[in-house]
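User: I would like to go through the helix packing and the domain contact in this model. Please keep the answers short.

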Amino acid sequence: MNITDLKRDETARIVSLGKIDQIFNKRLMDLGIYESATVVMLNKLSSNRLYVIEVDDIEICLRKEDAELIEVRK
Amino acid sequence: MIYLLAGNPNVGKSTFFNFMTQSHVHVGNYSGVTVEKRVHHVKHYEGANLVDLPGTYNVSPASEDEGVVTYSLLNESYNGIVNIIDSTHLRRNLHLTIQLLELGVPSLLVFNLKDALRNNGYVIDIEKIKDSLRVNAISISARERHHDDQTQIASEMQNLRITKALELDYHHTIKWGIQRIHDLLRYDVIQVKKKWLALQILEGNEGIFKFLNLVKEDKIREVIKEVEDRIIEEKVAFSLKGAIFNTRREFIDKIVRESLIKVEEKEHSKYFNQKIDRIITHPKFGIPIFFVIMLAIYQVSFGKFLGVGSFLTNYFDIFWNDYLVLYLGEALEFLGLTGFMYGLLIDGVMGGVGGILVFLPQIVVLFFMLAILEGTGYMARVAIVMDRFLSKFGFNGKSIVPIITGFGCSVPAIMATRTIADKKERILTILTIPFVSCSARLPIYGLFVSLFFTEYRAIIILGIYILGIIVTLLSAKLLNLSYFKGAGSKFLLEVPPYRVPQLRTITYQALEKAKRFVKKAGTFILVDSFKFYSFLVI
Ligand SMILES: Nc1nc2c(ncn2[C@@H]2O[C@H](COP(=O)(O)OP(=O)(O)O)[C@@H](O)[C@H]2O)c(=O)[nH]1
Ligand SMILES: [Mg+2]
């Protein structure tokens, strides 16, 4: 499953960022999103087009098409 | 003595810089406000200068903005580094700290936002940090500006420990790679430790190849490839960068476990924030809310109803025409100046400059309210609201920050685009910013509106603004369809917490902008009214 399948306030563990291209991957890592990190789905905004997730203590907003590439496991 | 001020974006670097140097650089609650490098003297420390660098998550440059940091570390001379850390986001912040400590330069770690951390129910055990990282450290709240903190920081800076570079226990393949690259660097003359450079190279810091002409660049790239392949093959991580990252993260976890101490159980404000966010960024109401807020701001600045700006302008007008001009006129007559000189000064200069200056109170009010908006963290929400809309024109929501800055002045707006990582998108934003109505055009609009309209002035001014925005968007679309065809746009936004802005900073910001406005507009108008009056009379 990917991150967009999570319900609000649900927690999961990132298993793979493999589908994301290198540059974007690096930006995610800079912000602290990495494989094996724990994510919380904080908010779905803009009619589920934007997702606010929390990794460690950082809140990040990304678009659906990018969020879908983040594989997670509950 | 020169100290570099480094840290993640939006951690209070500028606040700290202002505090320690008694200066006033721009403070804002979103990432990417500081884009130029600034240098200033440090209080209580004779001969020391602090250099405010742009915020960065990482030493390796991901956008041009962050390249400045790598460049400074590699090429500039400095005596130490002051690393500002957001105590409420330790895990993310410490990645940069580790990279700086690996450099082995005398450093002071400043754990900022002590007040915010305490509000969340935590404190930092600073002695523990000093012990485990073997580095000078202090925990402060830059915003509260305690005098004691200032003197202690100055004294810490004068007594920085000379420490050994921090060495983490990276995977043996990485260590092997570091050694190989280190050997390949032996022909190069570099001011930083070569081990550090080797690790940064492995991490993918392209800035190093850009800023240094390494003799064995090709060989080095081969080593990177080899290490990367082995890391993936041995299933250490999915990428070389990931492997390095993981080691650091484990180390950070340990530090945070040891030194972040819970002192009070607190209800998390986060869930409340999420609720507010859902309302403010509502798919239907988000944009209307934004416009209502902007309209309210223009109404208060320029309108009649609730018009603080117009109210002040009235008094200013009375002061200017009924007192200043009157007495100046009498003084001139008393001195026996009449005819051309009298007309030039009273009608030309005072009339011309006065005609623009009457707008000053309104503009100060406008700037003041925009500064409040910026300080709360609402701008990041505007970026979210606008993303869907802006993406249709090839921007992403992040472009909204420079665009909004563009309402103030185009020059800093264009500089602010440096935080947009995608090059095409950055250029697109730069090219379209000049269409946004900057504040210098405001008096012109004001003049126009007060000449031709008596009612609905705020709405008309807003209308002119919106017209500007429409032109901006259309030109972006045009560029997007032609020259920048197929520019992929990505949106990745760090959502800042809501904060109550500080009166001190806001007032200062508003006055500063107003001053710049008077200077810029004033000079033109002064010169022009001279010319114009002379032209009329002669
Ligand atoms: N609560 C609190 N907020 C702070 C403190 N220092 C800075 N801030 C706020 O953090 C935000 C970012 O500050 P700024 O200096 O612009 O950060 P920079 O991007 O790192 O230069 C602003 O809203 C500041 O008012 C602090 O000590 N406590
Ligand atoms: Mg700053």
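Analyst: A crossing is called right-handed if the near helix is turned clockwise from the far one by less than a right angle, and left-handed if anticlockwise. The model discussed here is predicted.

User: Which hand does the crossing of H14(B) and H16(B) have, left-handed or right-handed?

Analyst: The two helices are residues 308-334 and residues 360-376 of chain B, and their axes lie 7 Å apart. By the clockwise or anticlockwise rule, the crossing of H14(B) and H16(B) is right-handed.

User: How are H14(B) and H16(B) directed relative to each other, roughly parallel or roughly antiparallel?

Analyst: H14 and H16 of chain B pack at an angle of about 150°. Angles over 145 degrees count as roughly antiparallel. H14(B) and H16(B) are therefore roughly antiparallel.

User: Which residues in H16(B) meet H14(B)?

Analyst: From H14(B), the contact involves B:Val308, B:Gly309, B:Ser310, B:Leu312, B:Thr313 and B:Phe316. The residues of this contact divide into 5 nonpolar, 4 polar and no charged. On the H16(B) side they meet B:Pro361, B:Gln362 and B:Val365.

User: Which three residues supply 23% of the area that domain 1 of chain B buries against domain 2 of chain B?

Analyst: Domain 1 covers 2-158 and domain 2 covers 172-262, with 32 residues of domain 1 of chain B in contact with 26 residues of domain 2 of chain B. The area buried between these domains is about 2,700 Å², 66% of it from carbon and sulfur atoms. On the domain 1 side, the three residues that supply more than any other three are B:Leu74, B:Arg91 and B:His95.

Conventions: Residues numbered from 1 in each chain as written. Chains lettered and ligands numbered in written order. Predicted model: local features only at pLDDT ≥ 70, side-chain atom pairs only at ≥ 80, totals over all residues. Heavy atoms only, no water. Axes fitted to C-alpha atoms, helices over the stretch in contact; angles between N-to-C directions. Helix = DSSP H or I, 4+ residues; strand = E, 2+ residues; numbered from the N terminus. Parallel < 35°, antiparallel > 145°, perpendicular 65-115°, else oblique. Contact = heavy atoms within 4.5 Å. Nonpolar A, V, L, I, M, F, W, Y, C, P; charged D, E, K, R; others polar. Domains from an automatic or database assignment. Buried area = accessible area lost by both parts, 1.4 Å probe.
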